[in-house]
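Biologist: I've got a fold to look through and could use some company. Shall we take it piece by piece?

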Amino acid sequence: YEGFLQPRVATMPEVMQESGYNTMMSGKWHIGERDPSGRTLPSVYGFSRDYTLLRGADNHYGTIRDATYSEDGNVHRLTDPTYSTIRYTDKLLGFLEDHNGSDDPFFAVYAPTAPHWPLHYPPGWEERFTGAFDAGFDALCTERMAGARNENILPANASTQSCSKEAEPWNALPTDEQQSFIKAMEIYAAMVAHLDEDIGRILETLEQQGKMDNTWIIFMNDNGPQGGLLEARLIGGRETSPMNNSLANLGKPDSWASVGQGWADASSSPYRNTKGSPYEGGMRVPAFIWHGSAVTSGSIDHQFLTLMDIMPTVLDIADINPPQGNFKGRSVLPIRGKSMVPLLASTQTRIHDADEAIALDHSGNRMMVKGDWKIVQLPRQEWQLFNMIEDPMESRDMASQMPDLLASMMAEFNGFAATRNYIEVTSEINQP
């Protein structure tokens with residue numbers, strides 16, 4: 001709730017660093033800018049090397065001069081106009097090169113800001129996806145759901161008969177709005193494809209250094225797709241340069257646009273809602289864990305796993321005991337997640353027991369999962385109840401039909417809220 005990382009938790013890079021790992025990070029930090037002390041920096045919380053954007057987003061070409069970056073603990077304004085993904089990749093490759101030849105293991109975080117708004121073309125990619133999205137977001141939604149079904153990415157009971165959407169139907173939009181949306185998605189696709197190429201540069205470097213056979217790779221999105229208006233939110237109203245969002249100028253450094261609700265609906269369907277929501281469309285994200293030989297299953301798993309499970313998994317892989325009680329002279333909270341190593345090694349099929357409750361709260365958006373059931377509450381609204389096996393799209397609220405189960409889960413959530421100091425939201429909490 002404070003808006004920046006607190007010393008009452010031990011971070012993964014801190015624990016790895018204490019165990020002899022060379023720790024490095026390049027990309028978005030976004031858990032320290034609001035700290036009035038200015039001390040919530042990657043270098044303070046376990047990263048030996050860092051090149052990080054301290055706030056949530058920035059112009060990808062650095063033409064807005066109010067964003068601050070940390071480089072090995074030194075905070076500065078950006079003066080390098082290099083496209084953000086290239087800059088973050090180059091910095092991480094530099095860290096890996098500096099580490100090459102060392103006998104110490106390494107732990108690296110690569111957190112590029114693409115394709116976060118504002119949407120800007122990577123250099124030379126302006127024509128790469130021209131015409132690819134002319135059919136509109138309704139057609140893309142149908143195509144995406146069919147593809148996900150064919151690839152076994154969706155749970156068995158996920159319905160792909162209709163798109164879960166909040167936007168106006170594509171055919172109801174005026175032609176000029178359609179053209180702006182098409183351009184926005186072309187830019188977004190270019191940003192993602194370019195990011196894929198730069199991840200390839202990282203993998204090639206690890207191959208050249210002979211480290212791929214002994215490297216674990218964990219990939220994930222941080223949340224569901226960003227909805228809202230095409231005109232992206234300006235960060236705190238601090239942008240001083242005029243923005244030109246004309247059709248011809250979209251994607252250039254002096255434009256500032258988002259992908260919009262329709263494309264976000266298409267990306268999250270058949271799941272409900274988009275980023276910032278406790279429904280599945282806001283929380284369920286693409287993720288995989290890879291190792292050349294240690295991961296034996298090679299399968300898609302649909303069970304409920306959380307970001308909280310990543311740290312115990314990494315520590316388990318590295319054979320490092322999780323921090324307890326006193327860590328580096330401060331009292332830290334226990335880790336809440338569970339290691340996924342038994343799942344990866346195919347020695348166990350379920351990580352979280354059927355009777356284990358997992359509760360989360362963010363900006364007044366609350367949820368708890370327990371076995372097959374999930375309860376959801378939006379700010380100042382009534383709790384809802386969903387069976388996630390029969391209805392993974394969260395389309396049928398069972399609260400009125402199963403009041404006893406709802407009451408029991410609400411009571412359990414309130415227990416979490418009391419012990420973890422969840423705050424009752426009485427007004428909107430705006431996060432950048």
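Biologist: How many bridges join E3 to strand E4?

Modeller: Keep in mind that this is a predicted model. E4 covers residues 74-77, and E3 runs antiparallel to that strand. One pairing you can look up is threonine 68, whose bridge partner in E4 is arginine 77. The number of bridges joining E3 to E4 is 4.

Biologist: Which residue takes a positive phi in the hairpin of E3 and E4?

Modeller: Look at the turn of that hairpin, where 2 residues sit between the strands. The phi in question is near 50°, and the residue that takes it is aspartate 72.

Biologist: On to E2 and E3, then. What is the bridge partner of threonine 52 in E3?

Modeller: Start with the two strands: E2 is residues 49-53 and E3 is residues 68-71. They pair in the antiparallel sense, over 3 bridges. Find threonine 52 and go across to E3, and you land on its bridge partner, serine 70.

Biologist: Do E1 and E2 pair in the parallel or the antiparallel sense?

Modeller: Strand E1 takes up residues 22-28, and 5 bridges link E1 with E2. For an example, serine 26 has tyrosine 51 as its bridge partner in E2. The sense in which E1 and E2 pair is parallel.

Biologist: Which are the edge strands of the open sheet of 5 strands?

Modeller: Read off the order of that sheet, E4-E3-E2-E1-E5, where the pairing is mixed. An edge strand here pairs on one side only, and that fits E4 and strand E5 (106-111). From one strand to the next, the twist averages 15°. So the edge strands are E4 and E5.

Biologist: There's also an open sheet of 4 strands. Why is one side of E10 and of E13 left without a neighbour in the sheet?

Modeller: The order there is E10-E11-E12-E13, with antiparallel pairing. Strand E10 (357-362) and strand E13 (384-387) stand at the edges, so one side of each has no neighbour in the sheet, because each has a single partner strand.

Biologist: Which residue in E11 does aspartate 361 stand opposite?

Modeller: E10 and strand E11 (residues 365-370) run antiparallel and are joined by 6 bridges. Opposite aspartate 361, in E11, stands arginine 366.

Biologist: Last one! In which loop is glutamate 231 found?

Modeller: Glu231 helps form a negative surface patch, along with Glu168, Asp176 and Glu177. To place glutamate 231, go to the loop between strand E6 (217-220) and helix H5 (261-268).

Note on methods:
Residues are numbered from 1 along each chain as its sequence is written. This is a predicted model: local features need pLDDT of at least 70, side-chain atom pairs count only at pLDDT 80 or more; totals for chains, interfaces and linings use all residues. Side-chain values use heavy atoms; hydrogens and water are left out. Patches are made of residues with over 30% relative accessible area and no salt bridge: like charges are joined within 9 Å, nonpolar side chains (Val, Leu, Ile, Met, Phe, Trp, Tyr) within 5 Å. Accessible areas come from the Shrake-Rupley method with a 1.4 Å probe; for residues, only the protein chains shown count as cover. A salt bridge is a side-chain nitrogen of Lys or Arg within 4 Å of a carboxyl oxygen of Asp or Glu. Lys and Arg count as positive and Asp and Glu as negative; His and the chain ends are not counted. The place of a charge is taken as NZ of Lys, CZ of Arg, CG of Asp or CD of Glu. Axes are lines fitted to C-alpha atoms, for helices over the stretch in contact, and angles run from 0 to 180 degrees between N-to-C directions.
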